[in-house]
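Reader: I have a structure open on my screen and would like to talk through its contacts with you. Could you take my questions one at a time?

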Amino acid sequence: MVPATPLTLAEASDSELIARHVAGDDHAFGELFRRHKDRMWAVALRTCRDPEIAADAVQDGFISAFRRAGSFRGDSAVTTWLHRIIVNACLDRLRRLRPTSELPEHDLADRRDHHASTEVRLDVEEAMAKLPDGQRAALVLVDMHAVPVAEAAVILGVAEGTIKSRCARGRAALAEHLGLRTTEPEPAPDRRSTRAAP
């Protein structure tokens, strides 16, 4: 029997840690949590935009992963499985929140300073908040965390073409929210009866 020492756990692969957890090792899931909590927190924070909601979503997600570890089939990486659980927990939290309130704006104002890069980052965060949940989740994974499109499709449970479409629409919407010109040509003016002055 392999002793559950920190060194042994540290050397184990993610899938071995899941197997040990399912087999009753009390320390295996803790090691998995330590390895991936920071990245999952970053994904949750960018998806939810609010630290409290993100913290709740990460907690929900890891509790769900702890309980559902036996259903992990190993047909994808453990990180892909965790991403999917965390993103779904974020979207669930946002859906529950949306009918009664908007995401708080004070967090952006409180963190604003005079440094230009901070202002740009906050502008992007504010623009990201205006995107539909599906587009925001796709952009967070693909553009901010460099998750391949195929893996993002598995995480979000949609086709690869849907991820590409959501990313394209999300990028176009971000450019519009940020007042940037897109490289796509404007539609021909002959079918427009009027156009507002800039």
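**Contacts and cores**

Author: Gladly, and let me start with one pair: Arg 136 and Asp 133 are 3 residues apart in helix 8, so about one helical turn separates them. Please keep in mind that this is a predicted model.

Reader: Where along the chain is the helix that holds Arg 136?

Author: Arg 136 sits in the helix numbered 8. That helix covers residues 133-144.

Reader: What distance separates N and O in the salt bridge of Arg 136 and Asp 133?

Author: The two side chains also count as joined by a polar contact. A salt bridge needs a nitrogen of Lys or Arg within 4 Å of a carboxyl oxygen of Asp or Glu, so the pair qualifies. For Arg 136 and Asp 133 the N to O distance is 3.0 Å.

Reader: Is Arg 136 buried or exposed?

Author: Buried means under 20% relative accessible area. Its partner Asp 133, at 12%, is buried. Arg 136 has a relative accessible area of 1%, so Arg 136 is buried.

Reader: How many salt bridges does the count come to?

Author: Side chains of opposite charge can pair when their charged atoms come close. Counted by that rule, the salt bridges come to 10.

Reader: Which helices do Arg 35 and Asp 14 lie in?

Author: The side chains of Arg 35 and Asp 14 meet in a salt bridge of 2.8 Å, N to O. Arg 35 is partly exposed at 29% relative accessible area, whereas Asp 14 counts as buried at 17%. The pair ties together parts that are 21 residues apart in sequence, because Arg 35 lies in helix 3 and Asp 14 in helix 2.

Reader: Which residues do salt bridges that share partners join into one network?

Author: Arg 35 and Asp 14 form one salt bridge. Through shared partners, salt bridges make one network of Asp 14, Glu 31, Arg 34 and Arg 35.

Reader: How many residues apart in sequence are the parts tied together by Arg 93 and Asp 60?

Author: Arg 93 and Asp 60 form a salt bridge, with their closest N and O atoms 2.8 Å apart. Arg 93 counts as partly exposed at 23%, and Asp 60 is partly exposed at 24%. Arg 93 lies in helix 5 and Asp 60 in helix 4, so the parts they tie together are apart in sequence by 33 residues.

Reader: Let's turn to the rings. Is the pair of Phe 29 and Phe 66 stacked or edge-to-face?

Author: The count of aromatic pairs comes to 4. For Phe 29 and Phe 66, the ring centres are 5.3 Å apart and the planes stand at 85°. Planes over 60 degrees apart count as edge-to-face, so this pair is edge-to-face.

Reader: How many residues apart are Phe 29 and Phe 66?

Author: Phe 29 is buried at 8% relative accessible area, and Phe 66 is partly exposed at 45%. Phe 29 belongs to helix 3 (residues 28-48) and Phe 66 to helix 4 (residues 51-68). The pair links distant parts of the chain, with a separation of 37 residues.

Reader: Which residues do ring pairs link into a cluster?

Author: Phe 29 and Phe 66 make an edge-to-face pair. Both belong to the cluster that ring pairs build, whose members are Phe 29, Phe 33, Phe 62 and Phe 66.

Reader: Where is the kink in helix 3 centred?

Author: Helix 3 has 21 residues and reaches 28 Å from its first C-alpha to its last, close to the 30 Å expected. Its buried residues include Phe 29, Leu 32 and Met 40. The kink is about 50°, and its centre is His 36.

Reader: Which helix gives the most to the largest nonpolar core?

Author: The largest nonpolar core has 26 residues, and those with the most contacts inside it include Ile 18, Phe 62 and Trp 81. Helix 2, helix 3, helix 4 and helix 5 each supply at least two residues of this core. With 8 residues, the one giving the most to this core is helix 5.

Reader: How many residues are in the other core?

Author: In soluble globular proteins, nonpolar side chains tend to be buried together. The other core lies apart from the largest one and has Val 43, Val 142, Ala 153 and Leu 156 among its members. Its size is 21 residues.

Terms used. Residues are numbered from 1 along each chain as its sequence is written. This is a predicted model: local features need pLDDT of at least 70, side-chain atom pairs count only at pLDDT 80 or more; totals for chains, interfaces and linings use all residues. Side-chain values use heavy atoms; hydrogens and water are left out. Helices (H or I, at least four residues) and strands (E, at least two) are DSSP runs, numbered from the N terminus. Buried means under 20% relative accessible area, exposed over 50%, partly exposed in between (1.4 Å probe, protein chains only). A polar contact is a pair of N or O atoms within 3.5 Å; within protein, one must be able to donate a hydrogen and the other to accept it, and residues adjacent in sequence count only if both atoms are side-chain atoms. Rings of Phe, Tyr and Trp (its six-membered ring) pair if their centres lie within 6.5 Å; planes under 30 degrees apart count as stacked, over 60 as edge-to-face and the rest as tilted. The expected span of a helix is 1.5 Å times one less than its number of residues. The bend at a residue is the angle between axes fitted to the seven residues ending there and the seven starting there. A nonpolar core is a set of buried Ala, Val, Leu, Ile, Met, Phe, Trp, Tyr and Cys residues joined through side-chain atoms within 4.5 Å.
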